[in-house]
Amino acid sequence: MSFSTHVLDATTGRPAAGMRVRLEREGAVVAEGVTDADGRIRGWEPGAGAHRVVFDTGAHLAETFYPEVVITFTVTDPADHYHVPLLLSPYAYSTYRGS
C-alpha cells in the first residue's frame with residue numbers, strides 16, 4: 001500500500017512546493033515531510049484503517065482562511081495505492097481520490 005499527494009496553488013496556478021504535510025493514524029504521526037518542487041509527496045506507507053493527512057496551508061499562503069487543511073480517509077485495501085490531491089486557494093480548497 002502506498003500513499004501520495006499533490007498540492008496545487010490555484011492563486012498562482014503552480015505547484016505548492018515546500019508545504020509541510022503529515023499523515024496520522026489513531027492520533028500518531030505515521031509520516032511527515034515537505035512537498036517537492038512539483039508539489040508532490042510520494043511513497044508513504046500508512047497501512048490499513050482511518051487516516052488524516054494534514055496540510056500546513058497557513059505557512060504556505062500569505063493570507064488564508066484555512067491555516068490547516070485536514071482530510072480524513074480510510075484505507076480499505078492495503079495492497080492498493082491511495083492518492084489524495086489538494087487544490088488550494090486562500091478561501092477554498094477541494095480534494096478527491098486520485099489514481
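Two strands count as paired if DSSP finds at least two bridges between them. This definition serves the description of the sheet in the present model, which is predicted.

**The sheet**

Four strands form an open sheet in the order S4-S3-S6-S7, and their pairing is antiparallel. Because strand S4 (28–34) and strand S7 (69–75) each have a single partner strand, they stand at the edges, and one side of each is left without a neighbour in the sheet. On average, and with direction ignored, neighbouring strands of this sheet are turned by 20 degrees against each other.

Within the sheet, strand S3 (residues 20–25) runs antiparallel to strand S6 (residues 49–55), and four bridges join the two. Glu24 stands opposite Arg52 in S6. In general, the strands of a sheet pair through backbone hydrogen bonds, in either a parallel or an antiparallel manner.

**The surroundings of Thr35**

Thr35 lies in the loop between S4 and strand S5 (40–44). Is Thr35 buried or exposed? Its relative accessibility is 4%, so Thr35 counts as buried, the cut-off for this class being under 20%.

The side chain of Thr35 takes part in the polar contacts listed below.

| Side chain | Backbone partner | Distance |
|---|---|---|
| Thr35 | oxygen of Ala16 | 2.5 Å |
| Thr35 (polar atom) | nitrogen of Met19 | 2.9 Å |

Ala16 and Met19 also appear among the residues in contact with Thr35 when its neighbours within four places in sequence are left aside. The other residues in contact with Thr35 on that basis are Val7, Ala17, Gly18, Val21, Arg40 and Ile41.

Notes: Residues are numbered from 1 along each chain as its sequence is written. This is a predicted model: local features need pLDDT of at least 70, side-chain atom pairs count only at pLDDT 80 or more; totals for chains, interfaces and linings use all residues. Side-chain values use heavy atoms; hydrogens and water are left out. Axes are lines fitted to C-alpha atoms, for helices over the stretch in contact, and angles run from 0 to 180 degrees between N-to-C directions. Buried means under 20% relative accessible area, exposed over 50%, partly exposed in between (1.4 Å probe, protein chains only). A polar contact is a pair of N or O atoms within 3.5 Å; within protein, one must be able to donate a hydrogen and the other to accept it, and residues adjacent in sequence count only if both atoms are side-chain atoms. Contact means heavy atoms within 4.5 Å.
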